[in-house]
Amino acid sequence: MDLILVNLIDGLVTGLLLFMLSAGLTLIFSMMGVLNFAHASFYMLGAYFAFQISLALGFWMGLLIAPLVVGVMGAGVERYGLRRVHQYGHVPELIFTFGLALLIEELVQFIWGKNQMPYEGPDILQFTAFAIAGNSIPAYKIFMIFISVAIFIGLLWVLTRTRVGMIIQAALTYPKTVEALGHNVPLIFMGVFGVGTALAGVAGVIAGPVLGTFPGMAFVLGSIVFVTIVIGGLGSLWGALVASLLIGWITTFSKAYNLRMEDLLTTFGFTKPEPIWDSPWRDLWSITSPQIADILPYVLMVLILIFRPYGLFGKRDA
Amino acid sequence: MTPALELADLRKSFGKTEIIRGVDLSIGKGERHAVIGPNGAGKSTLFNLITGRFPQSGGSITLHGTDLAGKAPFEINRMGLSRSFQITNIFPKMTVFENVRCSLLWSLGYRYNFWSMVGRSRALTEGAEEILEQINLTARRDLPAGVLSYAEQRALEIGITIAGGADVIMLDEPTAGMSHSETDYIVDLIRTVTTGKTLVMVEHDMGVVFGLADQISVLVYGEIIATGTPEAVRANPKVQEAYLGAALEDH
Amino acid sequence: MTDQSTTNASKSAQGVRAGSMMLALTPWCIAAVALLVLPFIFTANSAITIMNQMAITIIFALAYNMLLGQGGMLSFGHAVYAGVGGFACMHIINNDAFFSQLPLPLLPIFGGLFGMGLAMIVGSFSTRKAGTVFAMISLGVGELIAACSVIIVAFFGGEEGISGDRTYGLPFLGVEFLQQIEVYYLIAVWLMLSAALMYLYSRTPLGRMANAVRDNPERAEFLGYSARWVRFYSFVASGFFAGIAGALFAINYEILTEENLNTTQSGIILLVTFLGGVGFFFGPILGAIVFTLVQTVLSLQTELWGFYLGIVFVVTVMFFPGGLAGLIMMHVPAMRLGKLSVLALPYLRTLGAGFVGCLGAAALIEMVFHVRHASVGDHEMTVYWTTFDSHTVLPWVLAIAATVVGFWIARATAPSLAAAWSEANTADGGQP
């Protein structure tokens, strides 16, 4: 029971981190119809910038400044890159963001090299918040949960309670009408793109110390983020939340509990072929859940796409 | 004789709003039938229901005696019904010739064929050239369709619509947005290319309607209030009142 | 050989048809002759290795363009179809009883069939939608299969992959494919065959409808075609030829690993195809040739090759969406008018200066990189065959000067190039 609680917390941390990325991504997608392949690259930039700033000004200034810098860069990318490519259609847009992802990874290697950066959380959070049955929960994890939840509530509040949020929601569905009402829709698009990438930046700042700050970090998380929003339903914020948490918990639990395919197959009445090392099914029999934890999101995505092509919360005509 | 197209108590709702509220209509073979009505009467929705773009909420549509319920647009097309669109809907990056040739492929039995060369088929080339001749676009043959003038694109649209040899042709506002001379040109074109076929069209321009149609149906608020020859419909007091009333409300 | 050109069949003269046939065949004949003689010109083993790699990349890029250019489907995981085809062939090679009865040149057929089989399974659900949804599914499935390679060791061989020996096959006309040059000709024949088949495919009803569905899927549905099935067939055909490329890879390198399946490989083929140009049949061929050459040369010269590639790619997407082939075909109207020569001098001025600017910028980038990342005390570096101390002032001044002056001249002369361009594309006295 205690172990379940520990894993619930761990999965929550992963899920919320995923959500910070997928929220921005799905917001940008529903507004502009373009899936930003480079989204995770902005997450990486957030971590690297925060590392660089933290060297001079400490972690907290990094948390404050890095997302802003990332957001401004994102807005610049929208203004000078995407808007230009937009005229060619959606597929070139997607290719553009793909190229951008490559370029940012190379740029990071150019500036910081290939090695992992010694980026660490603030000393003030280097203690054990509490312990459950001997498993200590670091304060930094609680801090991560706190930040993500705060951001989610803030985002929800802005979208549903403020004037700007209303305009954004309207622009999502009827950009032409909103433009006719005198609002600067391109500016709104740029703003949303900037805020979305800044969110990714925040995720990078707080995840960097835990998951490591290295040139491959965008790639590692990037494809999982896409899977998340496909599972949740393209363009659905709630779908992104549910799918993020789902993936967070699934991967955490399957890593924590060593379920073996052998046991499962035996339960279903199959007999283990002997000798096992010579059987064509040997890999199937030797699968364990920690081993496949990282590919479970993909399996989940394929299943969702077959049985519910629009995702968990997607609209049919998305 | 079975009618070419028959609608029985056809209904369509979007959410709680019922747009088509029980339409009964029977269109005979070879008939030229125009559907008129004020803006928002549901004419385009009716078209989209018949061609399988939207599923109906109730009632039935039969084409040559076959029920169309649940059929996809491509299946309906294969049964001999072809349509044009209100907003020009062509293949802009392909050449004019290619546009027409692609619309001939299915009807000439090529289906999903990947072993014969389209360039080697005399039937395809000649068929496409014949249609280009009919719609007077022979000179534009090798231009990308996207660069044609608006009237030419509309003509191409009609060419694509008739190319497949469908015997029921549905035209959605074929003269929308055209000048007078262009309209006359398209009307002549429609008359020639649909000879011997069943024509169903939605049109706002009364000149076009009375020039082309032998039967007219008036659709108001999702219901057909009158069907008959142009003269009968024109004389129908109910039509005059309702249509004029609705038209007045509209403007 | 262009995508846009229609066939030249016309009502009138058979003679015209025969003539255009000759014209259409010319590039193919040139290609065949070139493939035949190239090994006699570049005899070095390394050259043949590069040519083999090039040919395999060409087939793969052409297969990829069946999706991207002709079908409008963007795949981020196409390497798996080539990879699975290759792995399957590797297993055939390792199955002595079967392989000793099979002439090696027939092996690619099996690769194609396995690639096609996988494409049929995946395509059955991934081709329902085009655009973003298709792209995401392709990415997810690609990642899934790549990740499986370390789990399903029996088929993918785990970390170290699987290897075999191609020479155990049934000798084909006495050839056992011990030497690189024999493999070269095997690949060359398959290259010609696959390219011709893919070209012909684009001329069939299904190939034409792939274009129609790309441009306007809804209209295509009202012509009697199911957009989904048209996409599915394109996808399956593309999987087949990708599988052939994978099989040739297996024959050439005799080893396949996870690297043949992963997203990096899929990304590279997207890069190659797009840089070459998706709008024309010969675009991917051009892309594969240029990419392989530049990669071979540059990756030896600089660590930053990926960085330059990224820049070139992003610039291409933004400013030249037609790729290399598009750039070349832009000049056809001027050539038809016989006014290509008008452009020569302005090109030399502007592009020459721009090139110098790029060289200067690249030198700067290299120097910054060296100063930042070279081991402490290592001040010596080599750029453009010149060795110097990266901590002295002179090289920096030179590089900055070249960059600034180069780009400045390019910018200043750009208007005259634009004027020359419009002049070259206007027929004397009238219609453009």
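Two residues are taken to be in contact if their C-beta atoms, placed from the backbone, lie within 7 Å. In this sense, Val302(A) touches Gly140(C), Val141(C) and Leu144(C), residues up to four places away in sequence not being counted. The model in which these contacts occur is a predicted one. Val302(A) belongs to helix H14 of chain A. Residues with 20 or more other C-beta atoms within 10 Å are classed as buried, and those with 12 or fewer as exposed; Val302(A), with 19 such atoms, is therefore partly exposed. Along the chain, Val302(A) and Val230(A) are 72 residues apart, while their C-alpha atoms are separated by 9.7 Å.

The contact between chains A and C draws on 38 residues of chain A and 34 residues of chain C. On the side of chain A that touches chain C, at least two residues each come from helix H3 (59–85), helix H4 (90–112), helix H9 (217–232), helix H12 (282–286), helix H13 (289–292) and helix H14 (296–307). H4(A) provides the largest share of this side, 13 residues. Sorted by class, the side of chain A that touches chain C holds 27 nonpolar, 6 polar and 5 charged residues.

Helix H9(A), one of the contributors to that contact, has 16 residues and reaches 23 Å from its first C-alpha to its last, close to the 22 Å expected at 1.5 Å a residue. Of the 16 residues of H9(A), 14 are buried, so the helix is largely enclosed by the rest of the structure. Gly233(A), just after H9(A), adopts a positive phi of about 105°.

Chain C also meets chain B, where 36 residues of chain B are in contact with 28 residues of chain C. Helix H2 (73–78), E6, helix H3 (96–105) and helix H4 (122–134) of chain B each supply at least two residues of the side of chain B that touches chain C. H3(B) gives the most to this side, with 5 residues. The class composition of the side of chain B that touches chain C is 17 nonpolar, 12 polar and 7 charged residues.

Within chain B, an open sheet of 6 strands follows the order E6-E7-E8-E3-E9-E10, with mixed pairing. Strand E6 (81–83) and strand E10 (223–228) of chain B stand at the edges, and each has a single partner strand, so one side of each is left without a neighbour in the sheet. From one strand to the next, the twist averages 15°. Strand E9 (residues 215–220) of chain B pairs with E10(B) in the antiparallel sense over 5 bridges, and Leu219(B) stands opposite Ile224(B) in E10(B). Helix H1 (residues 43–50) of chain B packs on this sheet, where it touches strand E3 (32–36), E6, strand E7 (168–172), strand E8 (198–202) and E9 of chain B. The direction of H1(B) makes about 145° with that of E7(B).

A second element of chain B is an open sheet of 4 strands in the order E2-E1-E4-E5, with antiparallel pairing. Its edge strands, strand E2 (17–27) and strand E5 (66–67) of chain B, each pair on one side only. Strand E1 (residues 5–14) of chain B and strand E4 (residues 58–63) of chain B are joined in the antiparallel sense over 5 bridges; the bridge partner of Arg11(B) in E4(B) is Gly58(B). H1(B) lies across E1, E2 and E4 of chain B and runs at about 65° to E2(B).

Helix H5 (residues 150–163) of chain B has 14 residues, which should span 20 Å at 1.5 Å a residue; its end C-alpha atoms are 20 Å apart, in agreement. Because 11 of the 14 residues of H5(B) are buried, the helix is largely enclosed by the rest of the structure. Among these buried residues are Leu156(B), Ile158(B) and Ile160(B). The buried residues of H5(B) pack against E6, H3, H4, E7 and helix H6 (180–193) of chain B. After H5(B) comes Gly165(B), whose phi is positive, near 75°.

Chain C is assigned domain 1 (28–265) and domain 2 (335–424), and the C-alpha centres of these domains lie 38 Å apart. Strand E3 (residues 380–383) and strand E4 (residues 386–389) of chain C pair in the antiparallel sense over 4 bridges, with Val383(C) opposite Thr386(C) in E4(C). The hairpin of E3(C) and E4(C) has 2 residues between the strands, and in it Tyr384(C) takes a positive phi near 50°.

Technical notes: Residues are numbered from 1 along each chain as its sequence is written. Chains are lettered from A and ligands numbered from 1 in the order in which they are written. This is a predicted model: local features need pLDDT of at least 70, side-chain atom pairs count only at pLDDT 80 or more; totals for chains, interfaces and linings use all residues. Ala, Val, Leu, Ile, Met, Phe, Trp, Tyr, Cys and Pro count as nonpolar, Asp, Glu, Lys and Arg as charged, and the others, Gly among them, as polar. Domain bounds come from an automatic or database domain assignment. The expected span of a helix is 1.5 Å times one less than its number of residues. Two strands pair if DSSP finds at least two bridges between them. Axes are lines fitted to C-alpha atoms, for helices over the stretch in contact, and angles run from 0 to 180 degrees between N-to-C directions.
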